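Please open the model in your viewer and keep the sequence panel beside it. The stops below go from one selection to the next.

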Amino acid sequence: MSQVQQTAILLNSKKGVLHHIRTYWQLYIMVLPAMAFLILFQYKPMYGVLIAFKNYRIRLGVWGSPWVGFENFTRLFSSYWFPIIIRNTLTLSVLGLVLGFPMPIILALMANEIKNLRTKKIFQTVVYLPHFISTVVICGMITMFLSPSTGIINRFIELLGGERIFFMQSSSMFKWIYVLSGIWQSTG
């Protein structure tokens, strides 16, 4: 009988499990942080999934709210907005992937071509800085840059002889602003 088979037979009894734990307690201690992480960040958030199947009321909490089953999903899939939401989500995802995937590669190739080591380090630092800026701050900066009255982009357009553009009020430009600002923040 092999060692694995002997261990399996031993673990089938309650006494065998306790003996195994006492013998290899150091290994169980080493597994505890991973198990805690798994429970805390993988299983505990699943508790919130119950809300999808309930008529959630904040006063009643998750367990006190009445159970509605798949009613919320039926309402979502039969909604007028569902195809529009799916199309917008797919559009933003595809644009982000198609435009965002090659940018770090192109940027790395450009940085690799810089021969002066000091200039290269400064370039890398400047390009990496937007990664550390909060998304809320990025949104504020984008709003300021694209403002029709005081935005630097509209000032530049006026200098070139064009008219001010209301970027943030244009539904066709939103997806481009969203995707390009995300690429700008994460490319470095």
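Does V62 count as buried or exposed, and at what relative accessibility? This is a predicted model, in which local features need pLDDT of at least 70 and side-chain atom pairs count only at pLDDT 80 or more, while totals for chains, interfaces and linings use all residues. Residues are numbered from 1 along each chain as its sequence is written, and side-chain values use heavy atoms, with hydrogens and water left out.

Select V62, which lies in helix α4; helices here are DSSP runs of H or I with at least four residues, numbered from the N terminus. V62 counts as buried because its relative accessibility is 9%, where buried means under 20% relative accessible area, exposed over 50% and partly exposed in between, with a 1.4 Å probe and protein chains only. Leaving out residues up to four places away in sequence, V62 touches Y47, L50, I51, K54 and Y56, contact meaning heavy atoms within 4.5 Å.

Next select G48, in the loop between α3 (25–43) and α4 (61–64). G48 is partly exposed, with a relative accessible area of 35%, and its C-alpha lies 7.9 Å from that of V62, although the two are 14 residues apart in sequence. For a longer span, pick V62 and L180, which are 118 residues apart along the chain and have C-alpha atoms separated by 38 Å.

L180 leads to the helix pairs. Two packed helices are described by the angle between their axes and the distance between the axes; the axes are lines fitted to C-alpha atoms, for helices over the stretch in contact, and angles run from 0 to 180 degrees between N-to-C directions.

Show helix α6 (residues 82–100) with helix α11 (residues 171–186), whose axes come within 10 Å and cross at roughly 40 degrees. This angle makes α6 oblique to α11, since angles under 35 degrees count as roughly parallel, over 145 as roughly antiparallel, 65 to 115 as roughly perpendicular and the rest as oblique. The contact is formed by T91, L92, L95, G96, L99 and G100 of α6 together with K175, W176, Y178, V179, L180 and I183 of α11. By class, this contact of α6 with α11 has eight nonpolar, three polar and one charged residues, with Ala, Val, Leu, Ile, Met, Phe, Trp, Tyr, Cys and Pro counted as nonpolar, Asp, Glu, Lys and Arg as charged, and the others, Gly among them, as polar.

Keep α11 and add helix α9 (residues 135–145): the axes of α9 and α11 come within 11 Å and cross at roughly 125 degrees, which makes α9 oblique to α11. Here T135, I138, M141 and I142 of α9 meet I177, S181, W184 and Q185 of α11.

Now select I138, I142, L146, I157, F167 and I177, the six residues of the largest nonpolar core, a core being a set of buried Ala, Val, Leu, Ile, Met, Phe, Trp, Tyr and Cys residues joined through side-chain atoms within 4.5 Å. Within this selection, centre on I157, which is in contact with G162, E163, I165 and F167 when its neighbours within four places in sequence are left aside.

Finish with helix α7 (residues 102–112) and helix α8 (residues 117–128), which pack at an angle of about 160 degrees with their axes 10 Å apart, and are therefore roughly antiparallel to each other. Their contact is made by L107, A111 and N112 of α7 and K120, F123 and V127 of α8.

Conventions
Helix = DSSP H or I, 4+ residues; strand = E, 2+ residues; numbered from the N terminus.
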